[in-house]
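Good morning, and thank you for coming. I would like to take you through a few selected places in the structure now coming up on the screen.

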Amino acid sequence: MHVTLRTPVAQPPAQVFAGFTRELFLSLAPPFPQLKLHRFDGCQRGDQVEIELISGPLRQRWTSLITDSGVQPDGTHFFIDEGQVLPAPLRYWRHRHLIEPGPDGGSVIVDALEFRTAFPVLDALLYPLMWAQFAYRKPIYRRVFR
């Protein structure tokens with residue numbers, strides 16, 4: 001299943017990319033489920049992020065590896081995180097973070113997700129939740145990168 005959200009911001013791509021820090025990562029976490037950050041190396045190829053999702057007594061680990069990062073010829077900065085250890089019911093996770101050049105020297109932050117569970121029907125049921133989790137980021141991006 002694919003989810004893509006686009007958020008225009010005022011800062012240029014290089015500045016936005018540099019702003020993808022541990023502090024931003026924590027501020028982007030929605031209120032539910034609770035998130036505990038165990039490791040955040042950064043957003044360069046080979047970096048790792050490890051979190052724990054907490055829903056009442058249920059605790060699940062999530063580890064992502066940054067499998068690619070860089071700058072494309074058009075000036076788009078990017079990094080890709082892929083799930084290595086995923087919480088149930090996820091079986092596949094790939095999140096492309098694109099920071100495209102935008103109008104007037106700004107940028108457009110693109111969150112392009114691909115996820116799968118064992119069941120296509122469950123993927124479809126999870127789609128609105130995934131969309132909402134990433135739509136939650138839009139006002140935060142705008143505030144941080146104004």
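Let me begin with a definition: helix axes at an angle under 35 degrees to each other count as roughly parallel. Please keep in mind throughout that this is a predicted model.

I turn first to a pair of helices. Two packed helices are described by the angle between their axes and by the distance between those axes. Helix α3 covers residues 120–135, and helix α4 covers residues 137–144. Their axes cross at roughly 20° and come within 5 Å. Since that angle falls under 35 degrees, α3 and α4 are therefore roughly parallel to each other. Which residues make the contact? On the side of α3 they are Q133, F134 and A135, and on the side of α4 they are R137, K138 and P139. By character, the residues of this contact divide into three nonpolar, two charged and one polar.

K138 leads us to the next residue, R6, because K138 also appears among the contacts of R6 once neighbours within four places in sequence are left aside; the others are E100, V108, I109 and V110. R6 is found in strand β1. Is R6 buried, exposed or partly exposed? Its relative accessible area is 44%, so R6 is partly exposed. The side chain of R6 meets that of E100 in a salt bridge, with 2.8 Å from N to O. This pair links distant parts of the chain, as E100 belongs to strand β6, residues 92–101, and R6 to strand β1, 94 residues apart. The two side chains are also listed as making a polar contact, at 2.8 Å. As for R6 and R146, they are 140 residues apart in sequence, and their C-alpha atoms are 15 Å apart in space.

R146 returns in the surroundings of Q11. Where is Q11 placed? Q11 lies in the loop between β1, residues 2–9, and α1, residues 13–18. With a relative accessibility of 15%, Q11 counts as buried, because the cut-off for that class is under 20%. The side chain of Q11 is joined to the side chain of Q15 by a polar contact of 3.5 Å. Not counting residues up to four places away in sequence, Q11 touches V16, G105, G106, S107, V144, F145 and R146.

Let me close with the salt bridges. How many does the structure hold? There are eight salt bridges, and the pair of E100 and R6 is one of them.

Another is formed by R39 and E50, whose closest N and O atoms are 3.7 Å apart. R39 sits in strand β2, residues 34–40, and E50 in strand β3, residues 48–55, so the pair links distant parts of the chain, 11 residues apart. R39 has a relative accessibility of 33% and counts as partly exposed.

A further salt bridge joins D68 and R45, with the closest N and O atoms 2.2 Å apart. Here D68 is in strand β4, residues 58–71, while R45 is in the loop between β2 and β3, 23 residues away. D68 is partly exposed, at a relative accessible area of 23%, whereas R45 is exposed, at 55%. Finally, R39, D41 and E50 are joined into one network by salt bridges that share partners.

Definitions and conventions: Residues are numbered from 1 along each chain as its sequence is written. This is a predicted model: local features need pLDDT of at least 70, side-chain atom pairs count only at pLDDT 80 or more; totals for chains, interfaces and linings use all residues. Side-chain values use heavy atoms; hydrogens and water are left out. Helices (H or I, at least four residues) and strands (E, at least two) are DSSP runs, numbered from the N terminus. Buried means under 20% relative accessible area, exposed over 50%, partly exposed in between (1.4 Å probe, protein chains only). A polar contact is a pair of N or O atoms within 3.5 Å; within protein, one must be able to donate a hydrogen and the other to accept it, and residues adjacent in sequence count only if both atoms are side-chain atoms. Contact means heavy atoms within 4.5 Å. Axes are lines fitted to C-alpha atoms, for helices over the stretch in contact, and angles run from 0 to 180 degrees between N-to-C directions. Angles under 35 degrees count as roughly parallel, over 145 as roughly antiparallel, 65 to 115 as roughly perpendicular and the rest as oblique. Ala, Val, Leu, Ile, Met, Phe, Trp, Tyr, Cys and Pro count as nonpolar, Asp, Glu, Lys and Arg as charged, and the others, Gly among them, as polar. A salt bridge is a side-chain nitrogen of Lys or Arg within 4 Å of a carboxyl oxygen of Asp or Glu.
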